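Please open the structure in a viewer and keep the selection panel at hand. The tour below proposes one selection after another and describes what is found at each stop.

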Amino acid sequence: MRPPPALAALCLLALPAAAAAAYFGLTGREVLTPFPGPGTAAASAQSGAHLRQCDLLQLSRRQKQLCRREPGLAETLQDAAHLSLLECQFQFRHERWNCSLEGRTGLLKRGFKETAFLYAVSSAALAHTLARACSAGRLERCTCDDSPGLQSPQAWQWGVCGDNLKYSTKFLSQFLGPKRGSKDLRARADAHNTHVGIKAVKSGVRTTCKCHGVSGSCAVRTCWKQLSPFRETGQALKLRYEAAVKVSSATNEALGRLELWAPARPGSPAKELAPRPGDLVYMEDSPSFCRPSKYSPGTAGRACSREASCSSLCCGRGYDTQSRLVAFSCHCRVQWCCYVECQQCVQEETLYTCKH
Ligand SMILES: *[C@@H]1O[C@H](CO)[C@@H](O)[C@H](O)[C@H]1NC(C)=O
């Protein structure tokens, strides 16, 4: 089954990850590197290269057009895919499902909590990356965020170029297509979760100001908008994942379309409620992810902590213990003024991995 066209972009972010892994050579231990990556400017300077990059991405026809029209976009889409993958793998590094690329295709076709997280983290990464690319001047059609919005404009002014989320969200709604009305439950849920991701980025925006004037008089303030680090957005979404709401569908008679319904929260008078805009929603209970399946490679071979995670991560199969020597710097001393001299020490480390 093909994903609905409007969401193909997200599947792009989630799916070609298979290709991305090969491309980026991920080990799962990468730190979250903020872009721009090396070579970004050089690559997008050649428009021919840019068009080729658009062709390489899995995009709908309309999205491909948007991509070709905007130099710098293909690069940004790839950055977003990379960012969402790294963040997903970081947030799930201690879980049975570790956001492995194996089984990604299977997961995206279902309605698990993990599917919900994938949609949300992908759209969040896209919103974040677009806003950053915009303020870094890597997208031609995007202008600086000079949005008014604070009171008493005479006391301060918008400074430099903030992270332009306004441009980003406007572009995203264009890129992801119009909201589809009464499609099936899954399409509604995917669209909802996509929106949760964008919302998470929006709610992380902070206004930062700097004072100018004679010795801290703050006669003039320069302010700009700043996105929170993506790690914080990932953390927020992980919490949403843990509190995800199971939904079913009901046809809204008055509107004649399908709506999402969740069982009422305790203490609420109604029997069923629409999920809140910030809730991640899912329809199906997840598999255990213990054994290899179409959704994950299972947990055999996963490193775990004997005190904390081995028993749950290994699903009761037990773990192997392995010792190894690791070298590290020690007995460091400052020499003269400006450099530090260290010795190499060796320490034994014990590694625990889940049995097959
Ligand atoms: C996830 O778990 C699988 C299966 O144990 C392992 O092969 C893979 O390296 C892990 N991926 C990450 C990113 O930790």
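The tour begins with the whole chain, continues through three sulfur links, and ends with the ligand and a group of buried residues.

**The whole protein**

Begin with the entire protein in view, and bear in mind that this is a predicted model. Colour the chain by secondary structure: the protein has twelve helices and eleven strands. Next, colour by burial; of the 356 residues in the protein, buried residues make up 42%. A surface display covers about 19,300 Å² of exposed area, of which carbon and sulfur atoms supply 54%. Contacts can also be sorted by separation along the chain. Among contacts between residues at least 6 apart in sequence, 66% join residues at least 24 apart.

**The disulfides**

A disulfide is a covalent bond between the sulfur atoms of two cysteines. How many disulfides does the structure hold? There are seven, and the tour visits some of them.

Select C88 and C99. These two cysteines are joined by a disulfide, with an S to S distance of 2.0 Å. The torsion about their S-S bond is about 110°, so this disulfide is right-handed. C88 belongs to helix α6, residues 73–91, while C99 is found in the loop between α6 and α7 (104–108), so the pair ties together parts that are eleven residues apart in sequence. Are C88 and C99 buried or exposed? Both are buried.

Select C290 and C315 next. They form a disulfide in which the sulfur atoms are 1.9 Å apart. Here the torsion about the S-S bond is about -95°, so the disulfide is left-handed. C290 lies in the loop between β8 (281–282) and β9 (303–304), and C315 in the loop between α12 (310–313) and β10 (319–335); the pair therefore ties together parts that are 25 residues apart in sequence. C290 has a relative accessibility of 11% and counts as buried because the cut-off is under 20%. C315, with a relative accessible area of 24%, is partly exposed.

Now move to C332 and C342. The sulfur atoms of this disulfide are 2.1 Å apart. The link is right-handed, with 110° about the S-S bond. C332 is in strand β10 and C342 is in strand β11 (residues 339–354), ten residues apart. C332 is partly exposed, with a relative accessible area of 42%. C342 also counts as partly exposed, at 36% relative accessibility.

**The ligand**

Select the ligand and display its surroundings. Which residues are closest to the ligand? Seven residues surround it, and the closest are Q89, N98, G298, A300 and R302. The shell divides into two nonpolar residues, four polar and one charged.

Zoom in on N98: an N or O atom in the side chain of N98 is 2.3 Å from an oxygen atom of the ligand. At A300 the partner is in the backbone, where a polar atom is 3.2 Å from an oxygen atom of the ligand. Taken alone, the ligand exposes 360 Å², and the protein buries 62% of that area.

**Buried residues around helices α6 and α9**

Return to helix α6 and select T76, which has its place there. T76 is buried, with a relative accessible area of 0%. Leaving aside neighbours within four places in sequence, T76 is in contact with T129, L130, A133 and L139. Draw a distance line from T76 to A131: the two residues are 55 residues apart in sequence, and their C-alpha atoms are 9.9 Å apart in space.

Select S168 next, in helix α9 (residues 165–175). At 0% relative accessibility, S168 counts as buried. Which residues does S168 touch, not counting those up to four places away in sequence? They are L126, A127, L130 and A131. L130 thus offers a convenient point to centre the view, as L130 is in contact with T76 and is also touched by S168.

The last stop is G72, in the loop between α5 (61–69) and α6. G72 counts as buried, at 7% relative accessibility. Draw a final distance line from G72 to L139: their C-alpha atoms are separated by 5.4 Å, although the residues are 67 residues apart along the chain. L139 has already appeared on this tour, among the contacts of T76.

Methods: Residues numbered from 1 in each chain as written. Predicted model: local features only at pLDDT ≥ 70, side-chain atom pairs only at ≥ 80, totals over all residues. Heavy atoms only, no water. Disulfide = S-S within 2.5 Å. Helix = DSSP H or I, 4+ residues; strand = E, 2+ residues; numbered from the N terminus. Buried < 20%, exposed > 50% of the residue type's maximum accessible area, 1.4 Å probe, protein only. Contact = heavy atoms within 4.5 Å. Near = heavy atom within 4 Å. Polar contact = N/O pair within 3.5 Å; in protein donor to acceptor, adjacent residues only side chain to side chain. Areas by Shrake-Rupley, 256 points an atom, 1.4 Å probe, with all protein chains shown as cover. Nonpolar A, V, L, I, M, F, W, Y, C, P; charged D, E, K, R; others polar.
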